[in-house]
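Dear colleague,

I am handing over the structure below, as agreed, and my notes come after it. Please look through the structure itself before you turn to them.

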Amino acid sequence: PFMTTVATVERLAEAGDWTALVSTCEDAELDLVHDDLEAAASAQLYAAQLLGHLLLRELEAARFVWKRAPAAAQAHAEVSGAWAVGKALWRRDTTAARAALTAGSWTSKAASTLASALERRVEEEEWDTIARAFTVVSPETLAARLGLSAAAAAAAAAEAADASSVSSSAASVAAASRKCPACHTCTASLCRASSSAISRASAS
């Protein structure tokens, strides 16, 4: 039954059905109390459950999963890594959340799939937050918000401006951080013409 549950969780992770995944993990958690499983085995489901709740933005539920997980499971790298992401999201620190996702040891298939999905979700949400907060943003501000170097932020802006997965408003801000769309020479954060152009692009 345990391996069947793991296979189901892996399938739901691949399908992006976070709600069903969390429900499956919750049902399996009741059995874990009675089964004599190694910590590494049970940790797969605790890590998947934590990451599933985080993808659903159910931070309180994730906190309770962490609190009731056995000490042996909490000590496992995947489970502690998932909760490190959860703590960062609880503090609304997306930079720390992305760092924890990058540094995490996601050895099981489900956790690796979920961590990658959560990293994309956090990045997309941060772009949307920037798009709502700024009409035009300088490369330096973008770098600080994304937790990247100026060069890496410029590269991310170039990629995001062309990415279909990023909202049109976020793509507009990303493009503005790269080059002024009005005069094509100045820094976008200082150009009034650029501000007007990006405003029109965001409204369209």
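What follows is a short account of the chain as a whole, then of one helix pair, and then of a single residue in another helix.

Please keep in mind throughout that this is a predicted model. The protein chain has 12 helices and zero strands, so that the order of elements from the N terminus reads α-α-α-α-α-α-α-α-α-α-α-α. Of its 204 residues, 42% count as buried, and among the contacts between residues at least 6 apart in sequence, 57% join residues at least 24 apart.

The aromatic residues gave a short list, since a search of the whole structure finds one aromatic pair. That pair is made by Trp66 and Trp83, which are stacked, with 6.1 Å from centre to centre and 15° between the planes. The two residues are 17 apart and link distant parts of the chain, with Trp66 in helix 4 (residues 59-68) and Trp83 in helix 6 (residues 77-90). Both Trp66 and Trp83 are buried.

The helices that carry this pair also meet each other: the axes of helix 4 and helix 6 come within 10 Å and cross at roughly 145°, and the crossing is left-handed. On the side of helix 4 the contact is made by Leu59, Glu60, Ala62, Arg63 and Trp66, while helix 6 contributes Val79, Ser80, Trp83, Leu89 and Trp90.

Within helix 4, Leu59, Ala62, Val65 and Trp66 are buried. These residues lie on the same side of helix 4, because the arc they cover around the axis is only 115°. Arg63, which takes part in the contact with helix 6, lies over the face of Phe64, at 5.0 Å from the ring centre.

The last item concerns Val22, which is found in helix 2 (residues 18-32). Is Val22 buried or exposed? Its relative accessibility is 5%, and because buried means under 20%, Val22 counts as buried. Leaving aside residues up to four places away in sequence, Val22 touches Gln49, Gly52, His53 and Leu56. Val22 and Tyr46, for their part, are 24 residues apart in sequence, and their C-alpha atoms are 9.8 Å apart in space.

With best regards

Note on methods:
Residues are numbered from 1 along each chain as its sequence is written. This is a predicted model: local features need pLDDT of at least 70, side-chain atom pairs count only at pLDDT 80 or more; totals for chains, interfaces and linings use all residues. Side-chain values use heavy atoms; hydrogens and water are left out. Rings of Phe, Tyr and Trp (its six-membered ring) pair if their centres lie within 6.5 Å; planes under 30 degrees apart count as stacked, over 60 as edge-to-face and the rest as tilted. Helices (H or I, at least four residues) and strands (E, at least two) are DSSP runs, numbered from the N terminus. Buried means under 20% relative accessible area, exposed over 50%, partly exposed in between (1.4 Å probe, protein chains only). A charge sits over a ring if NZ of Lys or CZ of Arg is within 6 Å of the ring centre and within 35 degrees of the ring normal. The arc is that of the directions from the helix axis to the C-beta atoms. Axes are lines fitted to C-alpha atoms, for helices over the stretch in contact, and angles run from 0 to 180 degrees between N-to-C directions. A crossing is left-handed if the near helix is turned anticlockwise from the far one by less than a right angle, and right-handed if clockwise. Contact means heavy atoms within 4.5 Å.
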